[in-house]
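Student: Could we go through this model together? I would like to learn how each label is earned.
Tutor: Gladly. Let us look at it first.

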There are 2 protein chains.
Amino acid sequence: MARAIGRVAIVGLGLIGSSVARAIKAKLPDVAVTGHDADPDVRAEARALGFCDAVSDDAAEAVEGADLVILAVPVGRMADAAAAIAPGLSAHAIISDVGSSKAGVGAALRAALPGHVVVPAHPVAGTENSGPAAGFATLFDGRWCIVTPAPDAPADAVAAVTGLWQALGAKVETMDAAHHDMVLAVTSHLPHLIAYTIVGTASELEEVTESEVIKYSAGGFRDFTRIAASDPVMWRDVFLANRDAVLATLQRFNEDLTALQQAIRRGDGDRLEDWFTRTRAIRRSIIEQGQDDAAPDFGRKH
Amino acid sequence: MARAIGRVAIVGLGLIGSSVARAIKAKLPDVAVTGHDADPDVRAEARALGFCDAVSDDAAEAVEGADLVILAVPVGRMADAAAAIAPGLSAHAIISDVGSSKAGVGAALRAALPGHVVVPAHPVAGTENSGPAAGFATLFDGRWCIVTPAPDAPADAVAAVTGLWQALGAKVETMDAAHHDMVLAVTSHLPHLIAYTIVGTASELEEVTESEVIKYSAGGFRDFTRIAASDPVMWRDVFLANRDAVLATLQRFNEDLTALQQAIRRGDGDRLEDWFTRTRAIRRSIIEQGQDDAAPDFGRKH
């Protein structure tokens, strides 16, 4: 049995926090949603957009009476956010979050809020845009949400968090936090690091102007600029929080890149063609499993 | 004054060749289009799709009477394709191509077809799909086409090729072939190499299954799978043909990646945040200049 969730408090009202609020209002109209953001400009924008029933200036006030609190702040700010809400928390409140790394966040929340049930979660969804106006209610439809409860977390609290995400449109998987961090290092953190790197590299070459890079970006480069436009503070924190797994997967990437570099230098066409043929199948599987659109060129207008 | 182009022959009827044929039929209905492909299955498919006035089994026959011949084959096959068409070429025929590297291709075409005017071109457009059925008439709308004529190319022939691409919807820039190859190494070849690498890396880790990589690909990885699904033979040839420029830009990428790796290892958040903030502006410029859609997440459906 899942604990009943009648009131959700969301702390951090950016892209993800505001999307959670909108999705709850759209899909669970009987659930009350209160919100808080540390930034007064974000609070004002959130009030104007109206996706929460109430937006509090004070974090502790925002969580009063909440059955579930979702922290949607950069992972480096989770401990501070937990400390800020502590005075207002009901004894029964479940604490969750939406952070992109889980082992460190889970430990930080449990340390900051002793006696509270902590059920960390990570909806694998987003866009390159930031802020409360960027959110939308269907962001989680068909996407995965990974829940990483500690082994001793009460089953009814885990079921409540799982049920909420399913109600918001997500598919839920439960896994160990350390394994989550390795999986996401591969599927999300390394891709962001590589995209950030190449976009920076391209903009600083002497031989090719930035204007040329922009003009001819349709040759492939523009694809990388989307995720390299993601929130800088959020991503800074992800790399610092998930350092070991990111560095481990980066090591593997570097080995493979060096091998392909060697194949190019030696003119080893067979090795290149073999590698490029294998990678084609992965995209087919992603489309078949509904994790990307089948439309060519991401469905861009032509 | 541009030479008049009344008949175009297209050799190679895949994504790009078939898109050129369709665009000519759609936008220049008075121009005759003949086609040839070395693969009999592709010829049969092209005939069924009907985007050429005639598809010849023989390359030399396909180019008879053509004012302009466009070679749309992988860059490693340009010399063979040129040799195959030589017996059928009219003396006045302009030879062009659509290859993604230009210095080597231009030299190969001039060597294979002495006495003919060669005006290499590269439309910076495409999708991850291959084959005649993947082409469409609007592929070049608003995209750049780079023309790289030799310094002694007759102005009326250069103007004819330029005019054709403009009529097909492209914006045309003329530049030196060696500079083209450096620009495209950055904006297209390096991004493809990186995407191919990371997709291969992710599919071969022991700690994370391929099934997990696919399930959680919406965290960023899926963006890379699109261009890593591009034609393996075409891309093998691009890396072999543009080896020096690719290796030079790869060297710069590796330096930057090593610096960010060091910042992660040392916990240098300021350096990460600074780098990630600068890359955001590039995407804004690309959207402002019409080289990508402004819709979040590439406009994917949510």
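Tutor: Strand β7 (residues 121–123) of chain B is joined to β8(B) by 3 bridges in the antiparallel sense. Keep in mind that this is a predicted model.

Student: What makes β7 and β8 of chain B count as a pair?
Tutor: Pairing takes at least two bridges between the strands. β7(B) and β8(B) have 3 bridges, so they pass that cut-off. As an example, A121(B) stands opposite V147(B) in β8(B).

Student: Which strand pairs with β8(B) in the parallel sense?
Tutor: That is strand β9 (residues 171–174) of chain B, with 4 bridges to β8(B). In β9(B), K171(B) is the bridge partner of W144(B).

Student: Which way do the residues of β8(B) point?
Tutor: W144(B) and I146(B) point one way from the strand, C145(B) and V147(B) point the other way, and all are buried.

Student: What covers the two faces of β5(B)?
Tutor: I can tell you which residues lie on each side: I94(B) and S96(B) are on one, I95(B) and D97(B) on the other, and all are buried. Strand β4 (residues 68–71) of chain B runs parallel to β5(B) and is joined to it by 4 bridges. Within this pairing, I94(B) of β5(B) is the bridge partner of L68(B).

Student: How do you know that β4 and β5 of chain A are paired?
Tutor: We count bridges again. Strand β4 (residues 68–71) and strand β5 (residues 94–97) of chain A run parallel and share 4 bridges, and the cut-off is at least two, so they pair. V69(A) has I95(A) in β5(A) as its bridge partner.

Student: What is the strand order of the open sheet in chain A?
Tutor: The order is β3-β2-β1-β4-β5-β6, giving 6 strands with parallel pairing.

Student: Why are β3 and β6 of chain A said to stand at the edges?
Tutor: β3 (54–55) and β6 (117–118) of chain A each have a single partner strand, so one side of each is left without a neighbour in the sheet.

Student: Why is S100(A) called buried?
Tutor: Its relative accessibility is 8%. Buried means under 20%, so S100(A) qualifies. S100(A) sits in the loop between β5 and α5 (103–112) of chain A.

Student: What does S100(A) touch?
Tutor: Not counting residues up to four places away in sequence, S100(A) touches V75(A), H122(A), H180(A), L184(A), H189(A), M234(A) and V238(A).

Student: And is S100(B) buried or exposed?
Tutor: S100(B) has 10% relative accessibility, so it counts as buried. Its place is the loop between β5 (94–97) and α5 (103–112) of chain B. Leaving aside neighbours within four places in sequence, its contacts include V75(B), H122(B) and H180(B).

Student: What makes the phi of F298(A) worth a remark?
Tutor: Most residues other than glycine have a negative phi. F298(A) is not a glycine, yet its phi is positive, at about 60°. F298(A) lies in the segment after α12 (269–288) of chain A. With a relative accessible area of 2%, F298(A) is buried.

Student: Which sign does the phi of D297(B) have?
Tutor: Positive: phi of D297(B) is near 55°, and this residue is other than glycine too. D297(B) lies in the segment after α12 (269–288) of chain B and is buried, with a relative accessible area of 0%.

Student: How do you know that D223(A) and R226(B) form a salt bridge?
Tutor: Their side chains meet with an N to O distance of 3.0 Å. The cut-off is 4 Å, so this pair counts. Between chain A and chain B there are 16 salt bridges. The count of residue pairs in polar contact between these chains is 42. On the side of chain A that touches chain B, α7(A) gives the most, with 19 residues. The residues on that side are 49 nonpolar, 29 polar and 28 charged.

Student: What area is buried between chain A and chain B?
Tutor: About 10,400 Å², of which carbon and sulfur atoms give 65%. In contact across it are 106 residues of chain A and 106 residues of chain B.

Notes
Residues numbered from 1 in each chain as written. Chains lettered and ligands numbered in written order. Predicted model: local features only at pLDDT ≥ 70, side-chain atom pairs only at ≥ 80, totals over all residues. Heavy atoms only, no water. Buried < 20%, exposed > 50% of the residue type's maximum accessible area, 1.4 Å probe, protein only. Contact = heavy atoms within 4.5 Å. Buried area = accessible area lost by both parts, 1.4 Å probe. Polar contact = N/O pair within 3.5 Å; in protein donor to acceptor, adjacent residues only side chain to side chain. Nonpolar A, V, L, I, M, F, W, Y, C, P; charged D, E, K, R; others polar.
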